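Let us take a walk through this protein together, starting with the whole chain and then stopping at a few chosen places. Please have a look at the sequence and the model first.

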Amino acid sequence: MGGIDDTAVGSLREALRGPVITPRDPGYYEARSIYNAMIDRRPAAIAQCVDVADVRATISFAKDTGAELAVRGGGHSGPGLCLVDDGLVLDLSPMRWVRVDPESGIVQVGGGSQLGDVDHATHAFGLAVPAGIMSTTGVGGLTLGGGHGHLTRKYGLTIDSLLSADVVLADGSCVTASAENHPDLFWALRGGGGNFGVVTSFTFRPRPAHTVGVAVTVWPVDRTPEVLRWYREFLPAAPEDLNGFFAVLVVPPGPPFPEPIHGQKMCGVVWCYTGDLAADRLEQVLAVVNEPAPPAFHFTTPMPYPGLQAMFDTLIPKGLQWYWRGDFFDTVSDGAIDVHHRFGENIPTDLSTMHLYPVDGAAHRVGADDTAWAYRDAVWSGVIGGIDPDPANAELIRQWCVDYWTALHPHSMGGSYVNFIGAQESAERVRATYRGHYDRLASVKSAYDPDNLFHANQNIPPVSV
């Protein structure tokens, strides 16, 4: 049975409270499915851990048997790093819980939780953890990579709200990493990915956010040069209450978009405003959208923050074909604008897109060396996503993404948000992501995972390996 025999699987089942699912079991297909349907890996066993004891037992089993180990949180990994063929998946999805302390406002989050779980729990208290743009994204992978989203300019990266993390290490021991305890590990966890252990819970200090101003503005794709030249100057100078990510897209066939523009290639901005919404303030702030060119459509509305986070969930559900790549940018050069215009006019499928997420504002007020995130001087984190439901289009969307990235990369800062590194990219891309932090991360890896047990990730090998 793949790389793990039946007797060994039986011993693992006896050791865990949660189920161990193999290819012979009902539910195996669902248990091995992840967000990106382009990934078709078949683990020999999936250990669905319900508590820390299960996590420790699974790690011990992997070490004793030599089984290849992958760790799955929310299952949102673009290159599918949460699955491994013929090996063992440590699945945290049963550990999906959120606890908000109403007195301190501190929120603790289970390692298998999704952003929507956190948004729902914190919203009742008028709070939010700055994280992502989709409620189905896993908290664990997003946080360990750094985390950016609608609230980044106002409140910083997700890791800037992280207070501590409970971690099961490669030797089976459990530690709480924070500024006071295991500070070297805490530094590395804030941007260094899943290299250092299994995080079973995160503790965040959420920020004030309840009802936000939401706006969507789109222009015909042939207006991309004018819009991007305006956007690159306007947004970094705008108040930090205003966040807006730029996109090239095909207008989806549904509200709020009017039918005449359905299916048309456009460029646009999705806005989030955390300032005062009284007296049509949002409309006043965004009156400037007419400056680069008349929009084909402009829509504004107040919205509960969890509603904004879930706005794209039905448009881009689990089970689509995905291929993505990304880079950081400190400016949007004229050459980059030409690339965005050219590839925006040739989007290959209705769901394929490119996003530029702002990572300035509050994110710039954290020291360059304070966390493993190495691009505190970046202004945008860009991602190109080839997306389609049809497996027959997998190569089409992959090639568009690779060609787009290849043309755009010379205009970038050289490295990428680690969560946007695509499949089959080189180890040098990981090194470029961490710049001068890479050697320090390798040293932390040596201290906490000297045998590189946790290597099914954007791997940073220990110094000794």
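What follows goes from the overall build of the chain to some of its salt bridges, and then to one loop residue and one helix.

Please keep in mind that this is a predicted model. The secondary structure of the chain adds up to 14 helices and 18 strands. How far does the chain spread out? Along the principal axes, its C-alpha atoms fill a box of roughly 65 × 50 × 40 Å. The radius of gyration tells a matching story: a compact globule of 465 residues would come out near 23 Å, and the chain has 22 Å, so the two agree.

Now look at how the chain is packed. Of the 465 residues, 60% are buried. Among contacts with a separation of 6 or more, 73% are between residues 24 or more positions apart. On the outside, the accessible surface comes to about 17400 Å², and carbon and sulfur atoms hold 52% of it.

Charges are our next stop. The chain carries 32 positive and 52 negative charges, and the mean positions of these two sets lie 1 Å apart. How many salt bridges does the whole structure hold? A search finds 22 of them. Let us visit three.

We begin with Arg 72 and Asp 91, whose closest N and O atoms are 4.0 Å apart. This pair links distant parts of the chain, with Arg 72 in strand 3 (residues 69-72) and Asp 91 in strand 4 (residues 88-91), 19 residues apart. Are these two partners buried or exposed? Arg 72 counts as buried because its relative accessibility is 9%, under the cut-off of 20%. Asp 91 has a relative accessibility of 1%, so this residue counts as buried too.

Another salt bridge joins the side chains of Asp 160 and Arg 376, at 2.8 Å from N to O. Here the partners are 216 residues apart: Asp 160 sits in the loop between helix 6 (152-155) and strand 8 (162-168), while Arg 376 sits in the loop between strand 17 (353-358) and strand 18 (380-388). With a relative accessible area of 6%, Arg 376 is buried.

The last of our three visits is to Asp 327 and Arg 429, whose side chains meet at 3.1 Å, N to O. Asp 327 belongs to strand 16 (residues 321-329) and Arg 429 to helix 13 (residues 427-434), and 102 residues separate them. Both Asp 327 and Arg 429 are buried. They also take part in a network of salt bridges that links Arg 325, Asp 327, Glu 425 and Arg 429.

Let us turn to a single loop residue. Asp 25 is found between strand 1 (20-21) and helix 2 (28-32). Its relative accessibility is 24%, so Asp 25 counts as partly exposed. Leaving aside residues up to four places away in sequence, Asp 25 touches Arg 13 and Val 20. From Asp 25 to Ala 45 the distance is 9.9 Å, C-alpha to C-alpha, with their positions 20 residues apart in sequence.

Our walk ends at helix 4, which covers residues 115-123. Which of its residues are buried? They are Leu 115, Val 118, Asp 119, Ala 121, Thr 122 and His 123. The cover over these buried residues includes strand 5 (98-100), strand 6 (107-110) and strand 7 (127-128). Helix 5 (139-145), strand 15 (297-304) and helix 10 (305-309) also belong to that cover.

Notes
Residues are numbered from 1 along each chain as its sequence is written. This is a predicted model: local features need pLDDT of at least 70, side-chain atom pairs count only at pLDDT 80 or more; totals for chains, interfaces and linings use all residues. Side-chain values use heavy atoms; hydrogens and water are left out. Helices (H or I, at least four residues) and strands (E, at least two) are DSSP runs, numbered from the N terminus. The radius of gyration is taken over C-alpha atoms; the globule rule is 2.2 Å times the number of residues to the power 0.38. Buried means under 20% relative accessible area, exposed over 50%, partly exposed in between (1.4 Å probe, protein chains only). Contact means heavy atoms within 4.5 Å. Accessible areas come from the Shrake-Rupley method with a 1.4 Å probe; for residues, only the protein chains shown count as cover. Lys and Arg count as positive and Asp and Glu as negative; His and the chain ends are not counted. The place of a charge is taken as NZ of Lys, CZ of Arg, CG of Asp or CD of Glu.
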